[in-house]
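User: Please take one close look at the hollows of this model. Start with what lines them, then work outward.

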Amino acid sequence: MDSIRLRFAPSPTGALHIGGIRTALYNFLLARQQKGTFVLRIEDTDQARYVPGAEDYILEALEWCGLQPDEGPGIGGDYGPYRQSERKDLYGKYAQQLIESGHAYYAFDTADELAEKRAAAEANGNTFKYDAKVRHQLVNSLTLSDEEVQKRLDRGDNYTVRLAVPPDELILIDDLVRERVQFHTNELDDKVILKSDGMPTYHLANIVDDHLMKITHVIRGEEWLPSTAHHVLLYRFLGWEDTMPTFAHLPLIMKPTGKGKLSKRDGAKLGIPVFPLSWEGPNPENTFKGFREFGFVPDAVNNFLAFLGWNPGTEQEIFDKEELITAFSVEKIGKSGARFDYDKARWFNQQYLIRMLDSDLLPHVKPIIEAHGHQPDEAFLLTFIGLMKERVHLLPEFWEQGHYFFTDYQSLDEKMVSKKWKPEFRTAFDDLHQLLRDTESFTTESLQTTVKGFINDHGYKFGNILPILRLGLTGTTKGPDIFATMALLGRAEVDRRLQASYQRFDQLTQE
RNA sequence: GGCCCGUUCGUCUAGGGGUUAGGACGCAGGAUUUUCAUUCCUGAAACACGGGUUCGAUUCCCGUACGGGCUACCA
């Protein structure tokens with residue numbers, strides 16, 4: 001048996017949201033696990049909805065997530081082109097073949113005429129469906145004479161090609177996730193397979209391309225389940241039923257709150273990312289901030305996404321990409337929609353930050369610090385990262401919570417100062433200050449010995465001295481070990497800040 | 001409306017005819033850290049409902065309710 005071939009086939013109609021990334025991820029995971037091929041195909045058959053830049057976005061998003069396709073636009077492969085607009089000429093032939101075999105027909109009804117019929121039916125509480133029951137009353141090659149059809153074709157009249165869905169049949173679909181699903185053809189409409197602009201619709205293009213590209217497994221969102229019956233018919237009529245891919249329809253990702261599936265709007269509304277990368281739209285409503293910009297690392301996003309609708313059946317939660325590849329199985333994909341839980345996403349990210357090597361974090365943290373105008377050397381940054389990484393969830397928090405390592409703190413927790421500072425501590429702190437200035441080695445360990453010794457020798461309380469020391473140095477009572485903080489700050493800086501701080505404390509408490 | 005899919009703690013889920021229904025996020029409490037975070041411990045928290053089938057159903061079947069998707073010359 002040949003190796004499997006999977007594909008991710010997004011439409012470049014805007015930024016790709018996290019649901020699309022999950023679909024790509026599952027395809028990628030299965031392809032890698034089975035030593036198969038992961039194909040990217042751009043489904044740009046809808047001229048009206050095409051958005052410039054969307055394809056680049058898809059490529060960049062996949063790259064950021066580490067889901068590189070083996071074949072695709074700009075990548076190459078033996079089954080290209082991988083952009084449907086560039087395959088336009090291919091599809092007509094198959095539509096023609098279907099017409100000749102009686103499985104499709106020309107339809108001359110205009111979009112307006114059909115819309116009217118729909119509206120009329122709706123007014124009567126009915127639904128208009130272009131199907132076997134009514135196609136003989138409409139304007140198409142089934143009702144028109146051959147001469148008339150030819151005349152209209154020659155004249156250049158607009159037409160679509162519709163699939164002639166046969167009546168009274170049961171279509172059985174064996175889905176890897178849903179098991180057996182069935183549809184009755186009497187419920188199905190005669191789908192347009194070729195539009196009047198000559199472009200195929202999703203249905204035709206998808207089947208032709210999946211066949212030509214030798215796709216073995218179709219993993220896609222559940223929104224495609226209802227049209228799968230049409231797809232099965234297409235495979236049959238084209239004579240490709242034997243090599244029809246296996247389907248797996250994924251449960252949808254639902255809104256964090258409220259009802260319905262996750263949408264672009266949910267991100268802005270709740271202040272959370274629903275896109276992998278930021279997207280600049282033409283207006284603020286179409287501009288979104290991505291997971292990358294929020295400060296997530298790719299593996300954490302993959303891990304989080306993988307668990308939305310799938311789980312390994314064990315109690316392990318943290319899986320890097322390689323582990324996901326070995327653990328993944330289609331059989332363990334769930335059937336019901338999964339609600340997007342941002343808190344859990346943050347937790348995954350935190351777990352990754354904690355586990356990552358300081359040196360691997362460096363390229364992520366360095367630009368953040370530099371963006372705030374500081375160019376610390378690498379050794380300093382590495383120590384900083386080691387001190388901070390287990391107390392942040394998102395990358396930007398390295399700066400938000402650790403800015404005082406690079407510049408004097410901007411804000412002082414005044415409430416804590418007035419709670420902890422008493423003017424009579426002044427002498428004690430002057431002595432400590434002096435001691436710190438004169439101490440021989442400015443390392444975490446010796447600093448700890450020195451300060452603790454000082455406190456014990458004078459009979460002070462740790463709870464009085466340490467918080468004030470931290471406040472004076474960092475402006476806050478939170479943060480990494482105070483001795484490690486001092487060691488990183490360095491003797492001169494510690495001296496400077498203490499000098500300034502105690503005066504501020506006095507002022508504050510006098511007012 | 002019609003068709004299709006689904007329903008275990010608030011959320012993600014494991015499980016499956018007889019279980020104290022397990023884990024994770026979040027939440028609450030505690031221990032460690034004389035801070036914060038991490039880590040660890042503890043706690044509250046679920047089988048939608050009604051009928052069957054069965055000695056026994058959360059698990060199987062049928063309904064109902066609820067949720068979701070589709071119902072375009074969009075994908």
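Analyst: The lining of the largest cavity divides into two nonpolar, two polar and four charged residues. (Nonpolar: Ala, Val, Leu, Ile, Met, Phe, Trp, Tyr, Cys, Pro; charged: Asp, Glu, Lys, Arg; polar: the others, Gly among them.) This is a predicted model: local features need pLDDT of at least 70, side-chain atom pairs count only at pLDDT 80 or more, and totals for chains, interfaces and linings use all residues. Residues are numbered from 1 along each chain as written, chains are lettered from A and ligands numbered from 1 in the order written, and side-chain values use heavy atoms, leaving out hydrogens and water.

Here is that lining by name. Ser 11, Pro 12 and Thr 13 belong to it. Glu 43, Asp 44, Asp 46, Arg 49 and Tyr 50 complete the list. The volume of this cavity is about 30 Å³. A search of the whole structure finds one cavity of 30 Å³ or more. (On a 1 Å grid over protein atoms alone, a 1.4 Å probe fits in a cavity but cannot get out; a pocket is open, with protein on both sides within 12 Å along at least five of seven lines; lining residues have an atom within 4 Å of a point. Points join across faces, edges and corners, and volume is the space filled by the probe spheres.)

Next, the largest pocket. Its volume is about 1,100 Å³. The lining has 36 residues, and Pro 10, Ser 11, Thr 13, Glu 223 and Trp 224 come closest to the centre. Ser 11 and Thr 13 thus appear in the pocket lining and in the cavity lining. By class, the pocket lining holds 13 nonpolar, 13 polar and 10 charged residues. The elements β1 (5-8), α1 (18-33), α6 (202-212) and β8 (217-221) each supply at least two lining residues. (Helices, H or I with at least four residues, and strands, E with at least two, are DSSP runs numbered from the N terminus.) The largest share is from α1, with four residues.

Now the RNA side. Around RNA strand B there are 62 residues, and Arg 178, Lys 195, Glu 390, Arg 391 and Phe 462 come nearest. (Near means a heavy atom within 4 Å.) Of the strand B atoms within 4 Å of the protein, 71% are sugar and phosphate. By class, this surface has 19 nonpolar, 17 polar and 26 charged residues.

Three polar contacts (N or O pairs within 3.5 Å) can be placed. Arg 339 puts a backbone N or O atom 2.9 Å from a phosphate oxygen of strand B. Trp 347 has a side-chain N or O atom 3.4 Å from a phosphate oxygen. Glu 390 brings a backbone N or O atom to 2.4 Å from a sugar or linking oxygen. Elements giving two or more residues to this surface include α4 (111-123), β4 (160-163), β11 (338-339) and α19 (462-474). The most comes from α12, with six residues.

β4 also sits in an open, antiparallel sheet of three strands, in the order β3-β4-β7. β3 (104-107) and β7 (192-194) are its edge strands, each pairing on one side only. (Pairing takes at least two DSSP bridges.) Two antiparallel bridges join β4 and β7. Arg 162 has Val 192 of β7 as its bridge partner.

One loop beyond β4 deserves a look. Asp 168 lies between β4 and β5 (170-175). Its phi is near 60°, positive in a residue other than glycine.

Note on methods:
Polar contact = N/O pair within 3.5 Å; in protein donor to acceptor, adjacent residues only side chain to side chain.
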